[in-house]
Amino acid sequence: MKRLLVPYFLGTIVMCIVEMLQQLMQRQSVLNILLHDMFIIIYGSGNGHGSFLYIKNLQIGTRDEIGMLWFLLALFWGSIIVQLVLESKKTEIYLLIISLAGYFSSRIVWLPFSIQNGCACSIWIYFGYIIRNRKYIGKITYLYKKIEVLIIGGGCWGISILWGKTYLFENYLKLGIIEVIGAIFASGIVYICAKWLENNTKHINKFLQWVGMNTIVFYILHFWENRIFPISIWLNEMGFARENYVTVSMASIIIILICIAGTKLFANCKYMTNIIKTKYV
């Protein structure tokens with residue numbers, strides 16, 4: 001709860017304050033936005049459709065949801081699910097059933113608190129648990145030297161890039177298992193690259209360590225820039241198509257810079273708070 005729910009509520013409260021300030025600057029009533037944000041904080045939907053509850057084509061509530069903060073709730077539920085079934089003799093079967101239930105039920109009805117996201121991600125959390133506890137992480141580089149891993153994993157990754165569409169916030173995988181395999185393969189590539197940087201660089205290594213320790217802050221800050229600075233819209237007005245690679249790359253760079261600046265500010269404030277507490281104690 002401390003690791004996931006506290007950042008969730010802090011992040012949503014700050015988002016609520018920012019939106020109320022925007023309303024005040026535009027000389028509009030803040031009551032509607034306050035009630036709306038209080039509702040989405042409690043409901044916690046991150047489905048990306050601009051609706052809080054939908055049953056097929058029925059939508060109740062419109063406008064933005066909690067955006068990128070959905071993953072905090074999903075990890076919370078997913079972690080609890082894994083802990084509950086971990087001691088069972090049929091852990092993998094139970095988690096597979098729960099994950100599929102979360103995945104397919106979200107096609108019919110969207111429940112609050114990102115519960116279905118938590119169900120769907122429980123199998124991934126379990127994979128991470130197994131990899132860590134059985135120390136498989138050190139064998140990844142060896143596995144990627146096998147031709148069959150490169151052909152199958154790399155092929156699925158390439159197909160996913162060209163024709164797939166993965167929206168974990170709404171439990172959507174266009175190509176199904178192909179995108180799952182592609183995602184696993186790509187995660188291994190990221191790990192191999194990170195290890196190379198760790199072994200061959202100094203300053204980049206320190207920066208990546210800092211990013212790793214502040215990952216949750218990065219994720220929380222992401223999507224604020226879309227509410228405060230609609231980057232994609234601005235680039236579109238400058239003549240860049242919203243879906244092309246140039247726009248996505250430019251928007252991603254701007255988003256990362258905003259997240260770095262915001263995380264630095266947060267880290268400094270936290271550091272100053274610790275100094276003050278230490279001094280008074």
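The buried residues of helix H4 pack against helix H3 (70-85) and helix H5 (115-133); contact means heavy atoms within 4.5 Å, and buried means under 20% relative accessible area, exposed over 50%, partly exposed in between (1.4 Å probe, protein chains only). Helices are DSSP runs (H or I, at least four residues), numbered from the N terminus. This is a predicted model, in which local features need pLDDT of at least 70 and side-chain atom pairs count only at pLDDT 80 or more, while totals for chains, interfaces and linings use all residues. Residues are numbered from 1 along each chain as its sequence is written, and side-chain values use heavy atoms, with hydrogens and water left out.

H4 covers residues 91-105, 15 in number, and reaches 21 Å from its first C-alpha to its last, close to the 21 Å expected at 1.5 Å a residue (1.5 Å times one less than the number of residues). Its buried residues are Thr91, Leu95, Ser99 and Gly102. Seen down the axis of H4, these fall within an arc of 65°, so they line one face of the helix; the arc is that of the directions from the helix axis to the C-beta atoms. The face of H4 turned away from this buried side carries exposed Ile97 and Phe104.

The largest nonpolar core (buried Ala, Val, Leu, Ile, Met, Phe, Trp, Tyr and Cys residues joined through side-chain atoms within 4.5 Å) has 13 residues, of which Tyr8, Leu69 and Leu72 touch the most other members. Helix H1 (5-25) and H3 each give it two or more residues, and the largest share, 6 residues, comes from H3. A second, separate core of 9 residues includes Val82, Leu86, Leu95 and Ile123.
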